[in-house]
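I opened this entry to keep track of what I looked up, one topic at a time. The sequence and the structure come next, and my notes follow them.

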Amino acid sequence: MSNEFRPAWWLNNRHLQTIYPALLRRVEAPIDLRRERLETPDGDFVDLDWLYDRQPTLTILLHGLAGSSRSGYIVGVQRRLHQLGIGSVALNFRGCGGEMNRLARCYHSGDTEDVDFLYHTLRRRLPDTALAAVGFSLGGNVLLKWLGERRDSIELFGAVAVSVPLMLNLCADRLDRGLSRIYRDYLLRELKQYIVAKRRHLYRLGRIEQAGLLDDLGDLAPIRSFWEYDDRVVARLHGFSDAHDYYRRSSSRQFLGRIEVPTLILQAEDDPFMTPAALPAAAELASGVTLQICGGGGHVGFVGGRLPWRPAFWLEQRIGDFLLAHLPESRRETGG
């Protein structure tokens, strides 16, 4: 499949490209997927899903907002990498692995702490394994920010970030307009329901102080925008002064010039979660960063295929091709 993406003619607009893979794709997780609970230094945990047979290469996968390792795009990429002889470990951000975490905090677009902890855990366990990383949407923002923050202190042979909200403030604005409000309302409903359930969970655990932090957030039902949610919830739980401060410090675009890992960023011009104004100029990119902007593709969509209901998931092919092209020479003879 070509590196140039052509949308399927039967999914020929931004919303069909976004909705079809999110709601209509059915992909079974591999039967040999292995779950591990990784305890974090602050007394919490994250869940990992491994598809790894001691291959000499391993890819960290990061999902998007309200997603998990069971999201179709994660499972699809895991399957594709496995076919190419590349192992993978999917990180479920806190509270996303099927069981709520132990602290009031969970995750956000600029939280690189758990990714860094996982990376150093893997480096300690598998010192001779070549590592890569792939992130989608929120996970892509986390990945790019982490790559820029750590610069030459991390060793990856490649990284891919897909449909990244590079400027969080512009993306929050975009989701308040037009049909994009459908996605906004869906995500906010999921997030608000999660906070309510999380508060009950913490009380059941007897973690009264942590549950009280969620009580202090007040009634979230009237919230109607990400600006409001991030100001009330994310900023308070994660130490930002307000939503403006959160967006300013967490947006990944400002880190693109500092990245030293060979990195591919895949964006669609018609992504309903953002506007072209969020995209960086070439001068903002480090020499090893490639920005590929496709005319179509929606948000984490990029579904091709000539025959109706016979989709071709271009992202999986493109990600696999990029990582294969950047494998260290010592790994090429083994096919991964």
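Before anything else I wrote down what buried means: a residue is buried when its relative accessible area is under 20%, exposed when it is over 50%, and partly exposed in between, with a 1.4 Å probe and protein chains only as cover. I also noted that the model is predicted, so that local features need pLDDT of at least 70 and side-chain atom pairs count only at pLDDT 80 or more, while totals for chains, interfaces and linings use all residues. Residues are numbered from 1 along each chain as its sequence is written, and side-chain values use heavy atoms, with hydrogens and water left out.

**Entry 1: helix α2**

I looked up which residues of α2 are buried, and found Gly72, Ile74, Val75, Gly76, Val77, Gln78, Arg80 and Leu81. Helices here are DSSP runs of H or I with at least four residues, and strands are runs of E with at least two, both numbered from the N terminus. The cover over the buried residues of α2 includes β2, β3, β4, β5 (130-136) and α10 (314-325), where contact means heavy atoms within 4.5 Å.

I then checked the length of α2, taking the expected span of a helix as 1.5 Å times one less than its number of residues. The 12 residues of α2 (residues 72-83) should span 16 Å, and the end C-alpha atoms are 17 Å apart, which agrees. After α2 comes Gly85, with a positive phi near 85°.

**Entry 2: helix α8**

How far apart are the end C-alpha atoms of α8? They are only 16 Å apart, although a straight helix of 13 residues, as in α8 (residues 226-238), would reach 18 Å. I listed its buried residues, among them Phe226, Tyr229, Asp230 and Val233, and I noted that the buried residues of α8 pack against α5 (168-174), α6 (180-205), α7 (208-215) and α9.

**Entry 3: the chain as a whole**

I counted my way outward and recorded 11 helices and 10 strands in the chain. The radius of gyration, taken over C-alpha atoms, is compared with a globule rule of 2.2 Å times the number of residues to the power 0.38. For this chain the radius is 19 Å, close to the 20 Å that the rule gives for 336 residues, so the chain is as compact as a globular protein of that length. Along its principal axes the C-alpha trace spans about 55 × 45 × 40 Å.

Buried residues make up 59% of the 336 residues. Of the contacts between residues at least 6 apart in sequence, 76% join residues at least 24 apart.

**Entry 4: two residues with a positive phi**

I reminded myself that most residues other than glycine have a negative phi. Arg54 is not a glycine, yet its phi is positive, about 65°; Arg54 sits in the loop between β2 (45-51) and β3 (57-62). Phe302 likewise has a positive phi, near 55°, and lies in the loop between β8 (289-294) and β9 (303-304).

Is Arg54 buried or exposed? At a relative accessible area of 64%, Arg54 is exposed, whereas Phe302 is buried, with a value of 0%.

**Entry 5: Gln17 and the residues around it**

From Phe302 I moved to Gln17, since Phe302 is one of the residues in contact with Gln17. Gln17 belongs to helix α1 (residues 14-24) and is buried, with a relative accessible area of 0%. Leaving aside neighbours within four places in sequence, its contacts also include Phe5, Pro7, Gly297 and Val303. I noted that Gln17 and His299 are 282 residues apart in sequence and 7.2 Å apart in space, C-alpha to C-alpha.

**Entry 6: three loop residues**

Glu28 lies in the loop between α1 and β1 (34-39) and counts as exposed at 62% relative accessibility. Beyond four places in sequence, Glu28 touches Val75 and Arg79.

Cys96 is in the loop between β4 (87-92) and α3 (113-125) and counts as buried at 14% relative accessibility. The C-alpha atoms of Cys96 and Cys106 are separated by 8.8 Å.

My last residue was Ser252, in the loop between α9 (243-250) and β7 (263-268). Ser252 is buried, with a relative accessible area of 0%, and its contacts beyond four places in sequence are Asn141, Leu144, Lys145, Val164 and Leu166.
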